[in-house]
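Welcome! Take a moment to look over the model below, and then let us walk through some of its parts together.

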Amino acid sequence: MDEILFTAEEGMEKALDFMKHEFSSVRTGKASPALVEGIDVEAYGSSMKLKQLALISTPEARLIVITPFDVSNAKAIEKAINESKVGITPSVDGKIIRLPIPELSEERRKDLVKTVKTMAEETRVRIRAARRHAMDAAKKSQKDGALTEDDLKSAETQIQKLTDKYVADVDSQVGSKEAEIMRV
(Lines give C-alpha, C1' and ligand atoms only; values in the text may rest on other atoms or scores of the structure.)
Protein backbone atom coordinates (compact mmCIF):
# COMPACT_ATOMS: atom_id res chain seq x y z
CA MET A 1 0.00 0.00 0.00
CA ASP A 2 2.88 2.38 0.76
CA GLU A 3 4.20 1.92 -2.75
CA ILE A 4 0.82 2.82 -4.24
CA LEU A 5 0.69 6.01 -2.15
CA PHE A 6 4.30 6.85 -3.00
CA THR A 7 3.66 6.43 -6.73
CA ALA A 8 0.49 8.54 -6.54
CA GLU A 9 2.25 11.31 -4.63
CA GLU A 10 5.18 11.24 -7.02
CA GLY A 11 2.84 11.65 -10.02
CA MET A 12 0.99 14.51 -8.34
CA GLU A 13 4.25 16.23 -7.38
CA LYS A 14 5.52 16.00 -10.97
CA ALA A 15 2.29 17.55 -12.26
CA LEU A 16 2.60 20.42 -9.76
CA ASP A 17 6.29 21.00 -10.56
CA PHE A 18 5.51 21.09 -14.27
CA MET A 19 2.79 23.68 -13.69
CA LYS A 20 5.15 25.84 -11.61
CA HIS A 21 7.72 25.67 -14.41
CA GLU A 22 5.08 26.65 -16.97
CA PHE A 23 3.95 29.54 -14.75
CA SER A 24 7.49 30.93 -14.74
CA SER A 25 7.26 31.48 -18.49
CA VAL A 26 4.08 33.56 -18.21
CA ARG A 27 4.95 37.24 -18.55
CA THR A 28 3.80 39.42 -15.66
CA GLY A 29 5.17 42.82 -16.70
CA LYS A 30 8.26 42.19 -14.60
CA ALA A 31 11.54 41.01 -16.13
CA SER A 32 12.49 37.42 -15.40
CA PRO A 33 15.12 35.25 -17.12
CA ALA A 34 12.58 32.40 -17.10
CA LEU A 35 10.61 34.25 -19.78
CA VAL A 36 13.28 33.53 -22.40
CA GLU A 37 15.71 30.87 -21.13
CA GLY A 38 13.72 28.01 -22.68
CA ILE A 39 13.52 29.51 -26.18
CA ASP A 40 14.98 27.21 -28.84
CA VAL A 41 17.75 28.82 -30.92
CA GLU A 42 19.25 27.36 -34.09
CA ALA A 43 23.01 27.49 -33.47
CA TYR A 44 25.98 25.34 -34.40
CA GLY A 45 23.78 23.26 -36.71
CA SER A 46 21.29 22.19 -34.03
CA SER A 47 18.55 23.49 -31.79
CA MET A 48 19.76 24.69 -28.38
CA LYS A 49 18.09 26.42 -25.44
CA LEU A 50 18.87 30.13 -25.10
CA LYS A 51 20.26 29.62 -21.59
CA GLN A 52 22.93 27.34 -23.11
CA LEU A 53 24.06 30.06 -25.52
CA ALA A 54 23.99 33.23 -23.45
CA LEU A 55 24.06 34.85 -20.03
CA ILE A 56 20.57 36.13 -19.19
CA SER A 57 20.25 38.87 -16.60
CA THR A 58 17.71 41.42 -15.36
CA PRO A 59 19.60 44.59 -14.41
CA GLU A 60 16.31 46.49 -14.07
CA ALA A 61 12.79 45.43 -13.15
CA ARG A 62 11.59 45.90 -16.73
CA LEU A 63 14.63 44.88 -18.78
CA ILE A 64 16.19 41.56 -19.73
CA VAL A 65 19.76 41.64 -21.04
CA ILE A 66 21.08 38.69 -23.03
CA THR A 67 24.83 38.43 -23.50
CA PRO A 68 25.73 35.65 -25.98
CA PHE A 69 28.79 33.58 -25.06
CA ASP A 70 29.66 33.67 -28.77
CA VAL A 71 28.78 37.01 -30.42
CA SER A 72 28.22 35.26 -33.76
CA ASN A 73 25.01 33.78 -32.28
CA ALA A 74 23.41 37.19 -31.64
CA LYS A 75 21.44 37.19 -34.91
CA ALA A 76 20.19 33.64 -34.34
CA ILE A 77 19.12 34.56 -30.80
CA GLU A 78 17.34 37.68 -32.06
CA LYS A 79 15.52 35.61 -34.71
CA ALA A 80 14.47 32.96 -32.16
CA ILE A 81 13.08 35.59 -29.78
CA ASN A 82 11.14 37.25 -32.61
CA GLU A 83 9.66 33.88 -33.61
CA SER A 84 8.81 32.87 -30.03
CA LYS A 85 5.50 33.49 -28.29
CA VAL A 86 7.10 35.87 -25.77
CA GLY A 87 5.79 38.92 -27.62
CA ILE A 88 8.79 41.16 -26.92
CA THR A 89 10.85 42.74 -29.68
CA PRO A 90 14.59 42.45 -29.01
CA SER A 91 17.07 45.19 -29.83
CA VAL A 92 20.61 44.10 -30.66
CA ASP A 93 23.16 46.54 -29.31
CA GLY A 94 26.59 45.36 -30.42
CA LYS A 95 27.43 42.35 -28.24
CA ILE A 96 24.25 42.34 -26.16
CA ILE A 97 20.54 41.93 -26.80
CA ARG A 98 18.09 44.02 -24.79
CA LEU A 99 14.49 43.01 -24.18
CA PRO A 100 12.47 45.90 -22.74
CA ILE A 101 9.40 44.54 -20.96
CA PRO A 102 6.41 46.74 -21.87
CA GLU A 103 3.51 47.44 -19.53
CA LEU A 104 0.74 44.91 -19.87
CA SER A 105 -2.65 46.18 -20.97
CA GLU A 106 -5.71 45.22 -18.92
CA GLU A 107 -6.89 43.00 -21.78
CA ARG A 108 -3.53 41.22 -22.01
CA ARG A 109 -3.52 40.68 -18.23
CA LYS A 110 -6.93 39.02 -18.45
CA ASP A 111 -5.71 36.80 -21.33
CA LEU A 112 -2.70 35.77 -19.24
CA VAL A 113 -4.96 34.93 -16.29
CA LYS A 114 -7.05 32.71 -18.62
CA THR A 115 -3.85 31.00 -19.78
CA VAL A 116 -2.77 30.39 -16.19
CA LYS A 117 -6.19 28.96 -15.30
CA THR A 118 -6.00 26.64 -18.33
CA MET A 119 -2.55 25.42 -17.22
CA ALA A 120 -3.95 24.85 -13.72
CA GLU A 121 -6.89 22.83 -15.02
CA GLU A 122 -4.51 20.64 -17.04
CA THR A 123 -2.55 20.08 -13.83
CA ARG A 124 -5.71 19.16 -11.91
CA VAL A 125 -6.51 16.62 -14.65
CA ARG A 126 -3.02 15.09 -14.24
CA ILE A 127 -3.49 14.94 -10.47
CA ARG A 128 -6.86 13.23 -10.84
CA ALA A 129 -5.29 10.77 -13.31
CA ALA A 130 -2.64 9.93 -10.69
CA ARG A 131 -5.46 9.40 -8.17
CA ARG A 132 -7.34 7.12 -10.59
CA HIS A 133 -4.20 5.04 -11.23
CA ALA A 134 -3.59 4.72 -7.49
CA MET A 135 -7.21 3.73 -6.81
CA ASP A 136 -7.06 1.12 -9.58
CA ALA A 137 -3.79 -0.26 -8.19
CA ALA A 138 -5.29 -0.45 -4.68
CA LYS A 139 -8.39 -2.28 -5.98
CA LYS A 140 -6.18 -4.68 -7.94
CA SER A 141 -4.11 -5.36 -4.81
CA GLN A 142 -7.29 -6.08 -2.89
CA LYS A 143 -8.49 -8.49 -5.62
CA ASP A 144 -5.09 -10.20 -5.55
CA GLY A 145 -5.44 -10.64 -1.80
CA ALA A 146 -2.62 -8.26 -0.85
CA LEU A 147 -5.04 -5.82 0.82
CA THR A 148 -8.04 -6.44 3.04
CA GLU A 149 -11.32 -4.58 2.56
CA ASP A 150 -10.37 -2.26 5.47
CA ASP A 151 -6.91 -1.65 3.98
CA LEU A 152 -8.56 -0.74 0.68
CA LYS A 153 -10.87 1.79 2.36
CA SER A 154 -7.89 3.25 4.24
CA ALA A 155 -5.85 3.47 1.03
CA GLU A 156 -8.72 5.17 -0.82
CA THR A 157 -9.06 7.70 2.01
CA GLN A 158 -5.32 8.45 2.00
CA ILE A 159 -5.25 8.76 -1.80
CA GLN A 160 -8.16 11.20 -1.69
CA LYS A 161 -6.43 13.26 1.03
CA LEU A 162 -3.32 13.44 -1.15
CA THR A 163 -5.42 14.52 -4.13
CA ASP A 164 -7.17 17.21 -2.08
CA LYS A 165 -3.81 18.49 -0.80
CA TYR A 166 -2.32 18.82 -4.30
CA VAL A 167 -5.46 20.37 -5.80
CA ALA A 168 -5.46 22.93 -2.97
CA ASP A 169 -1.78 23.62 -3.74
CA VAL A 170 -2.66 24.19 -7.42
CA ASP A 171 -5.43 26.61 -6.40
CA SER A 172 -3.01 28.47 -4.13
CA GLN A 173 -0.41 28.78 -6.90
CA VAL A 174 -3.06 30.03 -9.34
CA GLY A 175 -4.24 32.64 -6.86
CA SER A 176 -0.75 34.02 -6.29
CA LYS A 177 0.11 33.99 -10.03
CA GLU A 178 -3.17 35.74 -10.85
CA ALA A 179 -2.44 38.41 -8.22
CA GLU A 180 1.07 38.85 -9.67
CA ILE A 181 -0.32 39.27 -13.20
CA MET A 182 -3.07 41.69 -12.22
CA ARG A 183 -0.77 43.86 -10.07
CA VAL A 184 -0.18 47.12 -11.92
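## Helix α4 and its length

What should the 38 residues of α4 span at 1.5 Å a residue, and how far apart are its end C-alpha atoms? The expected span is 56 Å and the end C-alpha atoms lie 55 Å apart, so the two values agree. Please keep in mind as you read that this is a predicted model.

Helix α4 covers residues 106–143. After α4 comes glycine 145, which has a positive phi, near 90°.

## How α1 meets α4

Helix α1, made of residues 2–24, packs with α4 at an angle of about 170°, and their axes are 9 Å apart. The two helices are therefore roughly antiparallel to each other. On the α1 side, the residues making the contact include Ile4, Ala8, Met12, Leu16 and Phe23. On the α4 side, Val116, Met119, Thr123, Ile127 and Ala134 are among them.

Which classes of residue make up this contact? There are 16 nonpolar residues, together with three polar and three charged ones.

## Helix α5

Now turn to α5, which runs over residues 149–182. At 1.5 Å a residue, its 34 residues should span 50 Å, and its end C-alpha atoms are 49 Å apart, so this helix also agrees with its expected span. Several residues of α5 are buried, including Leu152, Ile159, Leu162, Tyr166, Val170 and Ile181. Where do the buried residues of α5 pack? They pack against α1 and α4.

Valine 167 is a nice residue to find in your viewer, and its place is in α5. Leaving aside residues up to four places away in sequence, valine 167 touches Arg124 and Ile127. Ile127 also belongs to the α4 side of the contact with α1. By contrast, the C-alpha atoms of valine 167 and glutamate 107 are separated by 28 Å, and these two residues are 60 apart along the chain.

## The sheet

The model also has an open sheet of four strands, in the order β3-β4-β6-β5, with antiparallel pairing. Why is one side of β3 and of β5 left without a neighbour in the sheet? Both β3 (54–60) and β5 (91–93) stand at the edges, and each has a single partner strand, so one side of each has no neighbour there. On average, neighbouring strands of this sheet are turned by 25° against each other, with direction ignored.

For a closer look, follow β5 to strand β6, residues 96–100: the two pair in the antiparallel sense over three bridges. Here valine 92 has isoleucine 97 of β6 as its bridge partner.

Definitions and conventions. Residues are numbered from 1 along each chain as its sequence is written. This is a predicted model: local features need pLDDT of at least 70, side-chain atom pairs count only at pLDDT 80 or more; totals for chains, interfaces and linings use all residues. Side-chain values use heavy atoms; hydrogens and water are left out. Axes are lines fitted to C-alpha atoms, for helices over the stretch in contact, and angles run from 0 to 180 degrees between N-to-C directions. Angles under 35 degrees count as roughly parallel, over 145 as roughly antiparallel, 65 to 115 as roughly perpendicular and the rest as oblique. Contact means heavy atoms within 4.5 Å. Ala, Val, Leu, Ile, Met, Phe, Trp, Tyr, Cys and Pro count as nonpolar, Asp, Glu, Lys and Arg as charged, and the others, Gly among them, as polar. The expected span of a helix is 1.5 Å times one less than its number of residues. Two strands pair if DSSP finds at least two bridges between them. Buried means under 20% relative accessible area, exposed over 50%, partly exposed in between (1.4 Å probe, protein chains only).
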